[in-house]
Amino acid sequence: MEVKTGHKPFFSVVMPAYNAESYISRAIGSVISQSFTDWELIVVDDGSTDSTLDIAKQHSITDRRIKVEKLPYNSGSAYQPRKTAFEISSGSYLIWLDTDDFIENAYLDKIYRRICDTGADVIYGKMVYQDKNQLPDSKFDTQKIYHGKEAVKFTLDVWQIGANGCALASELVRNVYLKYDSSVTEMNADEIMTRQLLINADKLAFANAIYYYGDNTDSITRHVSIKAFDRIKTGQQLRELIKLNYTTNSIERVLIEKQLAKELISLIFLYSKHQKYFSKQGKSILDSLNNCWNSLEWKHLKNNLPAKYFFLLQLGPKNIIRLKSVYDAIRRGQK
């Protein structure tokens, strides 16, 4: 497609990429196939060691709407590649698209029509998983227009709406990058930005536009890695964001505490199961787990966390690890 020099597209599709040679062509192809053609796609390679960058460059040769950039080193998360892509984007709205996901052919057209109808600065589509589950589900009111801050509760503890593929007004994204620290490198730092965007958004609307979530089995979140413990720091930072924007007894304060508590239990179990693997980082991991445990707001957990989790959590990280080790040893002896 011939693009006029100096033309500013309506959508800038932002795609961070890392070692995605097996599926990046599907993601890029889903953008090229859009019925709405006024877009640019910006792929930012995050230090891939496979052919991801070469594949993206080949697509950019055949379609001038595709731009490819490369970071000088692996940043460790999607946050920095997205930020780089935003800095060189020129669209009125941004669309987040991951390399292991793809969008239906009418996705951008449906999002565009919803923007025109509502004037919303954030539009969420419908995330469909491989098992056919979807967010939001059929019971969720997708016709209602929400204030962004009002919708944050749908993202805490259990996701009720799907942030992947969301459309964001460029001015909103710019304001969020200016307002908050954008030098973060934690593995799941983009989860904080999702809530920052909502808190600062005037209107959130939903479109019946399907975003297919690929659930990549090679993702770092699927493997044993020290980066998994980034979730503690990110969770605590997210809690601070919630504290700054919601009252003490709000549902948001309860939900973030539940989310952090369940994340903590999950990571304690992860450490217990793989202590040998984490032996070199054992002290720092335990310090991080204990720090998080000491910071928990128990008043929000006592009547809101399932009793078995609340009882277990009260024991503290070291005692939970001891009990888990004994339990695993007993189970091994029974086999």
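With a radius of gyration of 21 Å, the protein chain agrees with what a compact globule of 335 residues would have, which is near 20 Å. The model is a predicted one. Along its principal axes, the C-alpha trace spans about 65 × 45 × 40 Å. The secondary structure of the protein chain runs to 12 helices and nine strands. Just over the halfway mark, 52% of the 335 residues count as buried. As for who touches whom, take the contacts with a separation of 6 or more: 81% of them join residues 24 or more positions apart. The surface that the protein chain exposes comes to about 16400 Å², and carbon and sulfur atoms supply 50% of that area.

Next come the charges. The protein chain carries 45 positive and 39 negative side chains, with the centres of the two sets 7 Å apart. Side chains of opposite charge can pair when their charged atoms come close. The structure holds 20 salt bridges, and a few of them are worth a walk-through.

One of these joins arginine 174 to glutamate 171, with N and O 2.8 Å apart. Both residues sit in helix H6 (residues 170-179), and because they are three residues apart there, about one helical turn separates them. Neither end is fully tucked away: arginine 174 is partly exposed at a relative accessible area of 36%, and glutamate 171 is partly exposed at 46%.

Lysine 227 and aspartate 230 form another salt bridge, their closest N and O atoms lying 3.0 Å apart. Here the two partners fall into separate classes, since lysine 227 is partly exposed with a relative accessible area of 24%, while aspartate 230 is buried with 17%.

Then there is the salt bridge between arginine 239 and glutamate 257, at 2.7 Å from N to O. Arginine 239 belongs to helix H8 (residues 230-245) and glutamate 257 to helix H9, so this pair ties together parts that are 18 residues apart in sequence. Arginine 239 and glutamate 257 are both buried. Salt bridges also link up into a network, made of Glu240, Lys243, Arg253 and Glu297.

What about a buried charge that has no salt bridge? Glutamate 252 fits that description. This residue is placed in helix H9, which covers residues 251-273. The nearest side chain of opposite charge belongs to lysine 153, and that one is 4.8 Å away. A salt bridge calls for a nitrogen and a carboxyl oxygen within 4 Å, so the pair does not make the cut. Setting aside neighbours within four places in sequence, glutamate 252 is in contact with Lys153, Leu156, Ile242 and Tyr246.

The backbone has some quirks too, and they turn up in loops. The peptide bond leading from leucine 135 to proline 136 is cis, its omega being near -10°. Proline 136 is found in the loop between strand S7 (134-135) and helix H5 (148-151). Asparagine 19, although not a glycine, has a positive phi of about 45°. This asparagine sits in the loop between strand S1 (11-17) and helix H1 (24-32), where asparagine 19 is partly exposed at a relative accessible area of 27%. Aspartate 157 is another residue other than glycine with a positive phi, in this case near 70°. The loop that holds aspartate 157 runs between H5 and strand S8 (167-169). With 19% relative accessibility, aspartate 157 counts as buried, because the cut-off for that label is under 20%.

Conventions: Residues numbered from 1 in each chain as written. Predicted model: local features only at pLDDT ≥ 70, side-chain atom pairs only at ≥ 80, totals over all residues. Heavy atoms only, no water. Helix = DSSP H or I, 4+ residues; strand = E, 2+ residues; numbered from the N terminus. Rg over C-alpha atoms; globule rule 2.2 N^0.38 Å. Buried < 20%, exposed > 50% of the residue type's maximum accessible area, 1.4 Å probe, protein only. Contact = heavy atoms within 4.5 Å. Areas by Shrake-Rupley, 256 points an atom, 1.4 Å probe, with all protein chains shown as cover. Lys, Arg positive; Asp, Glu negative; His and termini not counted. Charge placed at Lys NZ, Arg CZ, Asp CG, Glu CD.
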